[in-house]
Amino acid sequence: MSANLEELADRGYAYGFTTDVEQETVPPGLSEDVIRLISAKKQEPEWLLEWRLEAYRSWLKMPVPEWAHVHYPPIDYQAISYYSAPKKSIGDGPASLDDIDPEIKKTYDRLGIPLVEQEFLAGVAVDAVFDSVSVATSYRGKLAEQGIIFCSFSEAVREHPELVRQYLGTVVPVRDNYYAALNSAVFSDGSFVYIPKGVRCPMELSTYFRINAKNTGQFERTLIVADAGAYVSYLEGCTAPMRDENQLHAAVVELVAMDDATIKYSTVQNWYPGDKEGRGGIYNFVTKRGLCRGARSKISWTQVETGSAITWKYPSCILRGDDSVGEFYSVALTRDRMQADTGTKMIHMGKRTRSTIVSKGISAGHAQNAYRGLVKILPTADGARNHSQCDSLLMGDQCGAHTFPYVEVQNPTAQVEHEATTSRVSDDQIFYLNQRGIGTEDAVSLIVNGFCKEVFKELPMEFAVEAQKLLELKLEGSVG
Amino acid sequence: MGGVSTVNPVAVTAVTDPRAHWLAAATETAAGLPPELALPELRAAARTRFERLGLPSRTLEAWRTTDIAPLRGLEPRRAGTGRAPDAGWLAGLPAGPRVVLVDGRVHAIETGELPAGVSVLGFAEAARRLPQVLAALDTLPGLDAHAFAALNSALFEDGVLVHVAAGARLDALTLAHWSSGDGTAVHPRLLLVLEDGAGAGLLEWQGGQGTYLSTALTEVRLGRGAQLALSTVQDESAEAFQLGGLRAQLAADAKFSLRRWVGGGRIGRMDLALTLEGEGAAAELDGLVLAGGTQLLDHHLELRHAVARCTSRQTFRGVLAGKAKHVFDGLIRVDPDAQQTDAQQQCRNLLLSKQALTVAIPRLEILADDVKCAHGATVGALDEDALFYLRARGIGLAEASTLLVRAFAGEFLDALTDEAMRAALETRLDAWMEVAA
């Protein structure tokens with residue numbers, strides 16, 4: 001390995017910095033009182049508090065899931081602070097961008113979020129989540145003209161309680177799983193999107209997640225509803241500051257697509273993965289699920305997972321409407337001591353429902369990368385089709401690539417196919433490219449990008465470029 | 001409630017621990033064992049293992065797909081001695097040398113004269129004549145978390161050892177298990193040990209009547225270059241719970257071929273654990289599952305490539321009718337040093353009914369980077385075009401379906417070298433189709 005490569009390999013996490021903002025944080029610990037406090041601080045209606053308490057009581061009785069192919073010390077849920085908000089935004093929201101804490105603005109600038117003028121040119125409306133409370137939302141006016149609601153979750157609870165109440169928990173029930181129950185009990189904020197009938201959202205909606213305050217779990221809640229014939233593309237991207245202590249992130253994302261509606265949800269995840277020995281890093285235990293409620297509806301998940309010490313995430317589609325379509329495109333890259341257990345679930349209920357799964361796992365160093373996916377065809381799903389393709393790429397002989405597909409079929413007219421391959425970047429491929437004057441580092445990058453091409457092409461343009469860059473950056477130094 | 005948090009009282013009711021029943025059974029069994037089969041260390045370890053594991057429930061990932069609830073209410077008794085196998089069943093077995101076990105105990109050893117270097121012995125006899133071979137019991141890797149394997153070790157009262165010395169060969173032997181039912185639990189045990197360069201072809205035939213639980217456990221140890229072809233016909237009674245296991249350990253260049261025909265039992269689950277421990281070892285596993293009614297038939301398999309240059313092939317087929325459920329959960333694990341592994345896994349299912357359920361979980365755990373691993377799973381109905389083609393030629397629907405199912409099962413049957421057995425299984429397949437379709 002060249003000196004240059006070694007230097008790159010040792011390069012720290014570029015986004016590891018913390019912002020010094022006064023935080024209002026609840027002391028660590030979890031009890032019904034803490035939940036009441038969170039709910040009170042957010043001035044929530046009674047029904048939401050009851051909903052949270054129900055979730056908390058269920059959570060207390062649930063066992064910690066242990067089936068995933070990941071290993072970590074037990075989490076002390078009493079050592080986590082469940083609420084933290086930048087002080088200035090408590091109470092009334094900021095009147096304009098000028099009211100935002102300049103420190104926070106600087107953080108976003110360093111992360112390259114086009115929150116000010118650039119966003120206008122970029123055409124991106126950003127609902128930035130700084131720790132737990134949304135501090136800024138832009139482009140609201142323009143979206144509101146078409147009846148589109150895009151706001152923070154707390155705001156939605158205040159201003160559109162009937163919509164929130166109608167859909168909250170309908171896709172991911174409070175008792176769904178351990179981390180979803182925890183999230184339901186203590187979720188702090190998140191985004192809410194509603195696209196009315198027949199409206200095509202004119203821009204890509206996007207949030208930018210940051211984990212900032214020390215010892216603060218991040219419990220986001222996102223709810224996106226696309227009414228009949230609507231279309232929306234939603235982007236989610238994240239980076240987190242360098243920390244020594246593990247931080248827990250247990251988000252819940254719910255998508256609802258009515259007749260002929262389409263929701264496209266793209267994620268680029270680049271949280272702090274811990275150091276080379278696996279110390280620190282984010283635990284990312286997320287529940288993401290979409291419900292294709294109407295006929296001919298479509299939900300498409302695209303994810304590029306390059307960060308987090310542990311990723312436990314299965315964006316899923318419940319294909320209830322006839323002729324509905326579910327898609328899952330994923331690139332998961334693990335290096336050093338990272339562990340990922342990720343995949344999807346496609347539950348076919350409606351007639352002629354179709355789903356596609358394309359998963360690309362890349363493992364380097366001592367990392368463990370697992371694909372775990374369920375394809376379930378219920379007796380009602382006549383003529384359902386699924387095609388799954390899971391490819392793994394191993395870089396080095398210390399890492400692992402695992403594939404755990406679950407195929408459950410209860411309808412003889414269904415067609416289900418699963419393919420999986422495991423390969424490595426072969427010496428022949430490198431030699432071929434070297435011969436043509438391409439350096440080893442570039443050759444590997446080229447091969448990996450080729451390996452991931454099918455997924456990248458599903459990402460919106462600017463995200464695709466970012467994802468490709470991110471992958472190159474992540475792989476630097478891991479080849480030799 | 002104000003700001004006071006309340007704790008929901010949890011009702012604690014005294015539920016009889018199902019383990020207690022089995023531990024009592026183990027104590028009862030131990031009291032009646034001949035001294036050479038007391039095996040105190042093995043029994044104590046098995047007992048501890050079972051106490052720790054308990055009976056599995058669906059909250060365990062490995063038992064998520066196997067609901068043994070119907071078994072829970074049953075507290076099977078120890079089978080009485082001196083019962084005889086059904087005469088009709090016995091007459092239907094393939095001709096040739098055979099050993100008959102009834103309720104897990106050796107009933108008759110009818111092997112005639114065996115080739116030199118080959119021993120077929122009941123465990124009590126083996127304890128006297130080949131104690132060093134019998135010592136392999138419970139020492140092979142795998143099934144550590146399988147509660148029913150632990151139960152078998154704690155409770156088996158007898159068993160059969162097949163030992164083939166280095167370079168020797170046993171061409172054909174039938175190991176027939178009969179379970180007499182009547183709400184009993186039986187714990188048949190087989191130990192198959194082939195020394196370096198030995199070869200054997202064995203047929204295992206499981207049958208019975210009425211309700212019973214069988215924890216049949218087979219252990220296979222193959223020396224360098226040894227070759228074992230084992231065919232199993234699982235034809236248990238329709239009310240039976242067959243929750244057996246098999247573990248096998250292969251030394252360098254050893255070859256193990258296992259063919260399983262599975263059609264019996266109310267719940268029939270087989271846990272297989274194979275370890276390829278020597279370079280060049282090869283395993284070939286084929287299964288054909290015919291499930292109808294409300295049958296639940298499972299295969300759970302862990303195949304470990306521990307060293308370099310081993311090969312493995314798995315092909316499991318399921319034909320499902322009625323409300324039957326077939327689960328294939330297969331894991332191929334490739335250790336960090338197992339470079340140049342070539343592993344293939346296929347699961348193919350044919351659904352004849354809308355209520356039938358098939359679950360395929362072909363898993364790969366790969367820790368080496370120079371390997372060839374492939375797995376595939378397909379599920380489908382009978383091909384409409386093929387059915388139409390046959391019917392256009394005047395073949396009735398039922399017959400056409402049978403023909404197509406036969407073709408689907410054909411690859412399994414064609415690979416059987418024993419003509420008589422193939423004919424017997426073909427007849428069974430046709431009979432099954434008549435009932436199922």
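Of the 248 residues in the largest nonpolar core, A:Val193, A:Ala226, A:Val232 and A:Leu255 touch the most other members. Helix α7 (residues 147-155) of chain B gives this core its largest share, seven residues. The model is predicted. The points below cover the core, the fold of chain A, the contact between the chains, the domains of chain B and some loop residues.

**Nonpolar core**
- Domain 1 (35-278) and domain 2 (383-437) of chain B each contribute at least three residues to this core.
- A:Val193 is one of the four core residues that touch the most other members.
- Beyond its neighbours within four places in sequence, A:Val193 is in contact with A:Ile149, A:Phe150, A:Leu205, A:Ile224, A:Val225, A:Val232 and A:Tyr234.
- Among those contacts of A:Val193 is A:Val232, itself on the list of core residues that touch the most other members.

**Chain A overall**
- Chain A has 12 helices and 24 strands.
- Of its 480 residues, 54% are buried.
- Take the contacts in chain A between residues at least 6 apart in sequence: 84% of them join residues at least 24 apart.

**Strand β12 of chain A**
- Strand β12 (residues 262-270) of chain A is largely enclosed by the rest of the structure, because nine of its nine residues are buried.
- In a regular strand, side chains alternate between the two faces of the sheet.
- Both faces of β12(A) are covered.
- On one side, A:Thr262, A:Lys264, A:Ser266, A:Val268 and A:Asn270 are all buried.
- On the other side, A:Ile263, A:Tyr265, A:Thr267 and A:Gln269 are all buried.
- β12(A) pairs with strand β14 (residues 298-305) of chain A in the parallel sense, over eight bridges.
- Within β14(A), A:Thr302 stands opposite A:Ser266.

**Helix α2 of chain A**
- Helix α2 (residues 32-41) of chain A has A:Glu32, A:Val34, A:Ile35 and A:Ile38 buried.
- Seen down the axis of α2(A), these buried residues fall within an arc of 160°, so they line one face of the helix.
- The buried residues of α2(A) pack against α3 (46-61) and α9 (178-186) of chain A.
- A:Gln43 follows α2(A), with a positive phi near 50°.

**Contact between chains A and B**
- Chain B puts 33 residues into the contact and chain A puts in 34.
- On the side of chain B that touches chain A, β21 (357-366) and β22 (372-380) of chain B each supply at least two residues.
- β21(B) gives the largest share of that side, 10 residues.
- By class, the side of chain B that touches chain A holds 18 nonpolar, nine polar and six charged residues.
- Strand β23 (residues 400-409) of chain A pairs with β21(B) in the antiparallel sense, over six bridges.
- A:Ala401 has B:Ile366 in β21(B) as its bridge partner.

**Domains of chain B**
- The domain assignment splits out domain 1 (35-278) and domain 2 (383-437) in chain B.
- The C-alpha centres of domain 1 and domain 2 of chain B lie 31 Å apart.
- The contact takes six residues from domain 1 of chain B and six residues from domain 2 of chain B.
- The side of domain 1 of chain B that touches domain 2 of chain B has three nonpolar, two polar and one charged residues.

**Loop residues**
- Most residues other than glycine have a negative phi.
- A:Gln43 has a positive phi, near 50°, in a residue other than glycine.
- A:Gln43 sits in the loop between α2 and α3 of chain A.
- A:Gln43 counts as exposed, because it has 10 C-beta neighbours inside 10 Å.
- B:Asp182 also has a positive phi in a residue other than glycine, near 70°.
- B:Asp182 lies in the loop between β6 (169-179) and β7 (184-186) of chain B.
- With 15 other C-beta atoms within 10 Å, B:Asp182 is partly exposed.
- B:Gly92 is in the loop between α4 (87-91) and β2 (98-102) of chain B.
- B:Gly92 is exposed, with 12 other C-beta atoms within 10 Å.
- C-alpha to C-alpha, B:Gly92 and B:Arg52 are 42 Å apart in space, and they are 40 residues apart in sequence.

Note on methods: Residues are numbered from 1 along each chain as its sequence is written. Chains are lettered from A and ligands numbered from 1 in the order in which they are written. This is a predicted model: local features need pLDDT of at least 70, side-chain atom pairs count only at pLDDT 80 or more; totals for chains, interfaces and linings use all residues. Two residues are in contact if their C-beta atoms, placed from the backbone, lie within 7 Å. Helices (H or I, at least four residues) and strands (E, at least two) are DSSP runs, numbered from the N terminus. Ala, Val, Leu, Ile, Met, Phe, Trp, Tyr, Cys and Pro count as nonpolar, Asp, Glu, Lys and Arg as charged, and the others, Gly among them, as polar. Two strands pair if DSSP finds at least two bridges between them. Domain bounds come from an automatic or database domain assignment. A residue is buried if 20 or more other C-beta atoms lie within 10 Å of its own, exposed if 12 or fewer, and partly exposed in between; C-beta atoms are placed from the backbone. A nonpolar core is a set of buried Ala, Val, Leu, Ile, Met, Phe, Trp, Tyr and Cys residues joined through C-beta atoms within 7 Å. The arc is that of the directions from the helix axis to the C-beta atoms.
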